[in-house]
Amino acid sequence: MPELIEQSKPISNGALPMQNKTKEDNCGLYNHIRGINVSFGSVQKLTPGVQAFVDEAVVLCQPEQIHICDGSDMEYKMLLKLMCESGTIVPLPKYENCWLARTNPADVARVESKTFICTERKEESIPTPQDGVKGTLGNWISPADMETAIKERFPGCMKGRTMYVVPFSMGPVGSPLSKIGIEITDSAYVVASMRIMTRMGASVLEQLQKKEEFVRALHSVGTPANGVIERSSWPCDPERTIILHKPADNMIVSYGSGYGGNSLLGKKCFALRIGSTIAKKEGWLAEHMLILGITNPKGEKKYITAAFPSACGKTNLAMLNPTLPGYKVECVGDDIAWMKFDEQGTLRAINPENGFFGVAPGTSMETNPIAMKTVFRNTIFTNVASTSDGGVYWEGMESSLAEGVTITDWLGNPWTKESGKPAAHPNSRFCTPANQCPIIDEAWEDPAGVPISGILFGGRRPAGVPLIYEARNWTHGVFMGSAMRSEATAAAEHKGKVIMHDPFAMRPFFGYNFGHYVQHWLSMESRGNVPKIFHVNWFRKGADGKFMWPGYGDNSRVLEWVLRRINGEDCAAESAIGYIPAENQLNLEGMTSSVNLAELFSLPKDFWTQEVEEIRKYFESQIGSDLPAAIYNELEQLKQRIAAM
């Protein structure tokens, strides 16, 4: 659990002269902090620890005024009006309460190279790679260098701006699985987005009155060192952007970017990086996973989580529209799962988020009709294209364009299909409330969480990897997660079609040494009843270069087999890599396209021999002795089974 704030260390030791911090700074005024006017909200609602955090941030950042957020509709309308006046957003009259933000073109994505974990010892944060090998499992920064980074950026960074104090809960307010954070930011866009993505406002401050434990998160969009803000509607400082996490103090500090992944600090920063360190201490899991419920024709329902890298169909699976008659899929969450054993030893999960922050391009009535029915109310779109009839457009929406409608691209320029470049940025987003999803699960906000019966790992593998296989046991399943690989796509910063290692789909999000993370996963077996683990691959291609499996709604056929295995049915055959569906045990009835199952489940010996060597090379060069011996043992067993094929 986060330590009490009084026990935490300051944001920055000596970033500004502390001798000015006297009782007189509040001038005896009722609604001021350090002499700075609180223009909205009441200081009296803040717990002592929150007030101490705000107090320190005020001294460091020197805002013009302070706004203590309450999460109300009135506040949200005020923020929208403010952003419209500043040009940060424009209304989208085609839809109900929808808005479009266009960022500075230099501030469009997460910046992995500028994202750091701060610990006393480097090996606490990241594994030790082989000599001469660049580590890819996170970036470490020393406490002294973190201190310097803050001092170089934050003093006076909010001059002339409003400082927003954002109390938020990751998970339902009051749930034993939930955690609270306080984000301090100078971005109204961040506040409005946090209201969608988290449970935010007065109820969280009330919860803190009962138990004052929270993660501190400080954010500023910054100002370039030369003082020149390139785009007043979207201030940022891309040259000096930095995202810092200090697990020992449960603290996040982010500077220079307004983009969601860098500025909505409840999301990846808290829910995964800091969340995973808290989870390790407390014996649970914070994972980059969707959560779905699937009900069979008999009315039997199971919940499954799944971890896929970016652009591998996570949201599409979470919002699946099954082609199998009588099956129903409901969505608990599309991105993050917090999982903890209850007193009966059942692994239960919550979606700590309150909204969907989804990639827009590729989302369409053809690929994800549920998402399309979710996003056109109460949504903030970012870096998508706009249409002359007051709507939005992105790649994949061609069929929805009305005759005569013209398009303006994400940069504000006229666009046609002949422009030779995308209308929407490849990483453009929709930020939309989860409760609008037509198939949101009735238990999605259950404080106890939902019981998890299966875990899927997967990636985009055009060759060699079958549609579905099941781990032999928990340790083998953890190995499968550790060895995950996927073809890099537009959502990644890497260019070209290359197979990249992305263990547990968490590579950019580990809050501590990956080797220790794997050991933590292994330890879960001793804590309760662990679910079955599977690996899926919707993206295998045939000799003709086309996908061998139709995917989308037909993925329900794979989930049906998963359910049968969870229920203990004898419908599997053993293979060198795990259990695969036995002959005629994958339900293809009613499929509109023909599938070559023999090719889809083939295991080319040369491919898998090379796969084993690629995994070994990765483990040895990136993780070395930090990786538990049990995982190396699983790799050796796989090698022997492949050799015997």
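## Strand pairing, salt bridges and cavities in a predicted model

Ala-306 stands opposite Leu-456, a residue of strand β27. The structure described here is a predicted model, and the pairing of β16 with β27 (residues 450-458) is a convenient place to begin: these strands run in the parallel sense and are joined by five bridges.

Strand β16, which spans residues 301-307, is mostly covered, with five of its seven residues buried. It also pairs with strand β15 (residues 290-295), in this case antiparallel and through six bridges, and within that pairing Gly-293 has Tyr-303 of β16 as its bridge partner. The β15 and β16 strands form a hairpin with five residues between them, and Gly-299 in the turn has a positive phi of about 85°.

Elsewhere, four strands make up an open sheet with antiparallel pairing, in the order β23-β22-β24-β25. Its edge strands are β23 (392-393) and β25 (414-415), each of which pairs on one side only. Two bridges join β23 to strand β22 (residues 385-387) in the antiparallel sense, and Ser-386 has Val-392 in β23 as its bridge partner.

### Salt bridges

The whole structure contains 31 salt bridges, and the table gives three of them.

| Pair | Closest N to O distance |
|---|---|
| Glu-353 and Lys-267 | 2.7 Å |
| Lys-301 and Glu-330 | 2.8 Å |
| Arg-461 and Glu-611 | 2.9 Å |

Glu-353 forms a salt bridge with Lys-267. Because Glu-353 lies in the loop between β19 (347-350) and β20 (355-359), whereas Lys-267 belongs to helix α8 (residues 266-282), this pair ties together parts that are 86 residues apart in sequence. Both Glu-353 and Lys-267 are buried.

Lys-301 and Glu-330 also meet through their side chains in a salt bridge. This pair links distant parts of the chain, with Lys-301 in strand β16 and Glu-330 in strand β17 (residues 328-333), 29 residues apart. Lys-301 is partly exposed, at a relative accessible area of 28%, while Glu-330 counts as buried at 13% relative accessibility.

The side chains of Arg-461 and Glu-611 form a further salt bridge, again between distant parts of the chain, since Arg-461 sits in the loop between β27 and β28 (468-470) and Glu-611 in helix α15, 150 residues apart. Arg-461 counts as buried at 5% relative accessibility, and Glu-611 likewise counts as buried at 5%. Salt bridges that share partners also join Lys-267, Lys-268, Lys-314, Asp-335 and Glu-353 into one network.

### Cavities

A search of the whole structure finds eight cavities of 30 Å³ or more, and the largest cavity holds about 150 Å³ of space. It is lined by 15 residues, of which Tyr-469, Ala-483, Trp-608, Glu-611 and Ile-615 are the closest to its centre. Helices α11 (474-482) and α15 (605-623) each supply at least two residues of this lining, which divides into ten nonpolar, two polar and three charged residues.

### Cysteines

The count of disulfides comes to zero, where the rule requires a pair of cysteine sulfur atoms within 2.5 Å. The sulfur of Cys-84 is 12 Å from the closest cysteine sulfur, that of Cys-98, and is therefore too far away for a bond; Cys-84 itself counts as partly exposed, at 29% relative accessibility. For Cys-312, the closest cysteine sulfur is in Cys-331 at 18 Å, which is also too far for a bond, and Cys-312 is buried, with a relative accessible area of 2%.

Methods:
Residues numbered from 1 in each chain as written. Predicted model: local features only at pLDDT ≥ 70, side-chain atom pairs only at ≥ 80, totals over all residues. Heavy atoms only, no water. Buried < 20%, exposed > 50% of the residue type's maximum accessible area, 1.4 Å probe, protein only. Pairing = 2+ DSSP bridges. 1 Å grid on protein atoms, 1.4 Å probe; cavity = no way out; pocket = protein on both sides within 12 Å on 5 of 7 lines; lining within 4 Å. Points joined across faces, edges and corners; volume = space filled by probe spheres on them. Nonpolar A, V, L, I, M, F, W, Y, C, P; charged D, E, K, R; others polar. Salt bridge = Lys/Arg side-chain N within 4 Å of Asp/Glu carboxyl O.
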